[in-house]
Amino acid sequence: MLCPVCNSNKSRVVETRITSEYIRRRRECKLCQSRYTTYEKIAEPTILVIKRNGSIEKYSRDKITNGILTACRKRNISQEVIQEIVNSVEKEILKRKKKSIKSSEIGKLVLKHLKKVDIVAYIRFASVYLNFTDLDSFKKQIEKLEQKSHKTNYNSKKMFISIKG
Ligand SMILES: [Zn+2]
């Protein structure tokens, strides 16, 4: 980052704002005290996602975020928590140091984190992304959850009934 006035690369950050797309920093040049703003784009990892039907697409943070948002609808889960899940999932994907990942593996990573946050959101996400082929495997998942706690039991039963229609 060079000062637009004197070209010095020594600056101090006065203010930082982070959005989902970039980090905006207000800087002050240490040499001439000019103030300027820099935008750092948050780089998305260049990883290919192999979808269930075999098609390949570029990894997209937005897609994961949207999937989680849909599962968390009306569940009173803050944006920060959702962003944290996305960050954790992304970290785990990067840790693998592989150039591609199956979409189902991403789904499982999301589920691992959603489970800790909200059981209804977890089941919603599971029903879409694990693509339960029959009702039995879905039932098994719910039974597993029911064994965990009474509260869980109540929520998942309610969920199951509404899915059954
Ligand atoms: Zn300067």
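The expected span of a helix is 1.5 Å times one less than its number of residues. Keep that rule handy for the exercises below. You are working with a predicted model, where local features need pLDDT of at least 70, side-chain atom pairs count only at pLDDT 80 or more, and totals for chains, interfaces and linings use all residues. Residues are numbered from 1 along each chain as its sequence is written.

**Exercise 1. Take stock of the chain.**
Find how many helices and strands the chain has, and in which order they run.

*Solution.*
- Step 1: Helices (H or I, at least four residues) and strands (E, at least two) are DSSP runs, numbered from the N terminus.
- Step 2: Counting these runs gives six helices and six strands.
- Step 3: Starting at the N terminus, you read β-β-β-β-β-α-α-β-α-α-α-α.

**Exercise 2. Check helix H2.**
Compare the span of helix H2 (residues 79-95) with the expected one.

*Solution.*
- Step 1: H2 has 17 residues, so at 1.5 Å a residue it should span 24 Å.
- Step 2: The C-alpha atoms at its ends are 24 Å apart, which agrees.

**Exercise 3. Find the two sides of H2.**
Work out which residues of H2 are buried, which exposed residues lie on the face turned away from them, and what the buried ones pack against.

*Solution.*
- Step 1: A residue is buried if 20 or more other C-beta atoms lie within 10 Å of its own, exposed if 12 or fewer, and partly exposed in between, with C-beta atoms placed from the backbone.
- Step 2: Ile 82, Ile 85, Val 86 and Val 89 are the buried residues of H2. Looking down the axis of H2, they fall within an arc of 95° (taken from the directions from the helix axis to the C-beta atoms), so they line one face of the helix.
- Step 3: A helix rule helps here: an α-helix has 3.6 residues a turn, so residues three or four places apart point the same way.
- Step 4: Turned away from the buried side is a face with the exposed residues Glu 80, Asn 87, Lys 91, Leu 94 and Lys 95.
- Step 5: The buried residues of H2 pack against helix H1 (61-71) and H3, where contact means C-beta atoms, placed from the backbone, within 7 Å.

**Exercise 4. Draw the sheet.**
State the strand order of the open sheet and name its edge strands.

*Solution.*
- Step 1: Two strands pair if DSSP finds at least two bridges between them.
- Step 2: The three strands lie in the order S5-S4-S6, with mixed pairing.
- Step 3: Strand S5 (56-58) and strand S6 (100-102) each pair on one side only, which makes them the edge strands.
- Step 4: Strand S4 (residues 48-50) and S5 are antiparallel over three bridges; Ile 50 has Ile 56 in S5 as its bridge partner.
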